[in-house]
Amino acid sequence: MKFSCFICFFCSVYGRNKGTEEQITDEIFQEYNPHMRPVFDESKNLSLKIGIAIRQVESIEEKKQVLTTSVWMRQYWIDEYLQWNHTKYDRDTISVPSSKHWKPDIVLHNSISERQGGMLSDPWSILHYSGLITYMFPVLYKSHCLLNIRFFPFDEQECILKFGSWGFDGKQLDIQLKDENPADTSNYSINSEWILVRMTSERTINTYGCCVDQVFTDLIFTIVLRRHPGFYRFNIIFPCILIVIMSVMQFYLPCDSGEKISLGITILLSLIVFLLLIAEILPATEEPSLLGKFFAGTMVLTSISTLLTCIVLNVHHRGIHDNQKTLPQWARWFVLHFLAKLLLMQNEITSDIEHELKIHPYESLSSFNLPASFASVKVHVDQKPSEVCAKQMLERRTSLKEKMKTNESMQQLVGITGDVNETIKQKVKDDEVCNEWKQVAMVIDRLLLLIYLVSTITVTLVILLNRPNYDDQVIG
């Protein structure tokens, strides 16, 4: 009795009926070799159709020029050894691990990754009774992408994914594009930095130096990406424009402030810092970027403005350090009359009459005439004494001596007053000469301010507006 129960249990466990899928698998894989090309006739060409669905652009490393993309690979071919009678089993398709059947050795030619396997270690394939195999798997590709940074950060990049067989030539494996939508973008996820404009596909026939007598078929998928410039507008372009505005103020700052050269050098150093920041992001290419040209042009203008500021300061202090050299008449007419009138600065310039009064003032007190009473003192002294009494004569002589002493003191006072007058006159003249040079420097400073402002606006518009206009519709 116990033995009968054991036999029944054994038959129920190990003698169960196999399912339809298991029966098909046992039948088609009974003598199957997954390492051989699945054709009955070895001279026959095996047709392989490939399509990819781009899932997301993970990143673009500008410095290394590397594109990282997440795609779904789709491959279709007919395995003549994996066919069955679907009327016998009443089953059209089954799913099997891809490790059980032959797979094409399709590789990404421009890959920079050591391993090109998919995200799944052993993805499953779908087998049709006709032998058609649908092999799909997700994969993360890292490929080399030659970047064109001419219009950075308003650039558009074209990156390719080139697929082909590593061991089979065109006579053994004919690689073709999938019939419908070989470059699928319907499941694309938006990237925060890059916009997917379009993705195209083409089939090429190539020969390589290793095997000149063999022809290989390759598939090239071109991915066109456009950069979102918002990040660079806010973090780089906008601060640089503020720095450029500050550089214009270098000419508006008064010369007596003593900070004009310091401001110019500080602005120049700030631009160099931003330029080095851009250099850290972009690859080392021969052609400079649009943003790099803008920084270079601004640095040139800032350097020129600093040099011109030195010249203006030299003119400003020339009246002090050049032995009070008088401004030439032609320079006074051209700068203080013509340019000042042109720049609407007449009210800030000393008039000609006031200038002449300070350069050639009135006569000094040294020409002051003494009263006649002082001049006639000697005459009275030289007159002959009359018959006046000796006492009166003595009194008169004493009074005249006192007047003589007063006359000598007055002469000394007049001399001192003349010296002071000459000193004041020379001081007024020197101050006017210095003021005249300062006015010249002020007019030149205002003229350079306008020239620099126009030059800066022109350079900014010419460079930043020289970017491509994209009107085509994008995917995401």
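These exercises work through a predicted model of one protein chain.

**Exercise 1. Confidence and overall make-up**

Task: Establish what average pLDDT the protein chain has, and which stretches stay below 50.

Solution:
- Start with the average. The protein chain has a mean pLDDT of 80, and 76% of the residues score at least 70.
- Go to the N terminus. Residues 1-16 have pLDDT below 50, and this stretch makes three contacts beyond near neighbours in sequence.
- Move on to residues 363-388. Here pLDDT is under 50, with 21 contacts beyond four places in sequence.
- Draw the consequence. Predicted coordinates should not be read in detail where pLDDT is low.
- Add the inventory. The protein chain holds twelve helices and eleven strands. Of its 476 residues, 38% are buried.
- Check the contact range. Among contacts between residues at least 6 apart in sequence, 80% join residues at least 24 apart.
- Finish with the surface. The accessible area is about 28700 Å², and carbon and sulfur atoms account for 59% of that.

**Exercise 2. An open sheet**

Task: Give the strand order of the open sheet of four strands and find which strands stand at its edges.

Solution:
- Read off the order. It is β4-β7-β11-β10, and the pairing is antiparallel.
- Find the edges. β4 (106-108) and β10 (194-208) each have a single partner strand, so one side of each lacks a neighbour in the sheet.
- Add the twist. Neighbouring strands are turned by 20° against each other on average, direction ignored.
- Inspect one pair. β7 (residues 156-165) and β11 (residues 211-227) are antiparallel over nine bridges. Ile-160 faces Thr-222 of β11.

**Exercise 3. A residue in β11**

Task: Decide whether Leu-225 is buried or exposed, and list what it contacts.

Solution:
- Place the residue. Leu-225 sits in strand β11.
- Apply the cut-off. Buried means under 20% relative accessible area. Leu-225 has 0% relative accessibility, so it counts as buried.
- List its contacts beyond four places in sequence. They are Val-57, Ile-60, Leu-67, Asp-155, Glu-156, Gln-157, Trp-194, Ile-195, Leu-196 and Val-197.
- Take one of these. Ile-195 is 30 residues from Leu-225 in sequence, yet their C-alpha atoms are 5.5 Å apart.

**Exercise 4. The buried side of α2**

Task: Name the buried residues of helix α2 and say what covers them.

Solution:
- Pick out the residues. In α2 (residues 20-28), Ile-24, Thr-25 and Ile-28 are buried.
- Test their placement. They span an arc of only 100° around the axis, so they lie on the same side of α2.
- Identify the cover. It includes α3 (86-89), β3 (93-97) and β5 (124-128).

**Exercise 5. From β3 to β1**

Task: Trace the strand pairings of β5, β6 and β2.

Solution:
- Begin with β5. Its covered face carries Ser-125 and Leu-127, while Trp-124, Ile-126 and His-128 form the uncovered one.
- Pair β5 with β3. Five bridges join them in antiparallel fashion. Ser-95 stands opposite Ile-126 of β5.
- Pair β5 with β6 (residues 132-144). This antiparallel pair has three bridges. Leu-127 has Ile-133 of β6 as its bridge partner.
- Look at their hairpin. Three residues lie between the strands, and Gly-131 takes a positive phi near 100°.
- Pair β6 with β2. These antiparallel strands share 13 bridges. Met-136 in β6 is the bridge partner of Arg-74.
- Pair β2 with β1 (residues 46-61). They are antiparallel over twelve bridges. Leu-48 faces Trp-77 of β2.
- Assess β2 (residues 66-78). Eleven of its 13 residues are buried, so the rest of the structure largely encloses this strand.

**Exercise 6. Backbone exceptions**

Task: Find where a cis peptide bond occurs, and which residues other than glycine have a positive phi.

Solution:
- Recall the background. Most residues other than glycine have a negative phi, and most peptide bonds are trans.
- Locate the cis bond. It joins Phe-152 and Pro-153, with omega about 5°. Pro-153 belongs to the loop between β6 and β7.
- Take Gln-65. Its phi is near 55°. Gln-65 lies in the turn of the β1-β2 hairpin, which has four residues between the strands. At 14% relative accessibility, Gln-65 is buried.
- Take Asn-181. Its phi is positive, about 50°. Asn-181 lies in the loop between β8 (173-177) and β9 (183-184). With a relative accessible area of 43%, Asn-181 is partly exposed.

Definitions and conventions: Residues are numbered from 1 along each chain as its sequence is written. This is a predicted model: local features need pLDDT of at least 70, side-chain atom pairs count only at pLDDT 80 or more; totals for chains, interfaces and linings use all residues. Side-chain values use heavy atoms; hydrogens and water are left out. Two strands pair if DSSP finds at least two bridges between them. Helices (H or I, at least four residues) and strands (E, at least two) are DSSP runs, numbered from the N terminus. Axes are lines fitted to C-alpha atoms, for helices over the stretch in contact, and angles run from 0 to 180 degrees between N-to-C directions. pLDDT is the predictor's confidence in each residue, from 0 to 100. Contact means heavy atoms within 4.5 Å. Buried means under 20% relative accessible area, exposed over 50%, partly exposed in between (1.4 Å probe, protein chains only). Accessible areas come from the Shrake-Rupley method with a 1.4 Å probe; for residues, only the protein chains shown count as cover. The arc is that of the directions from the helix axis to the C-beta atoms.
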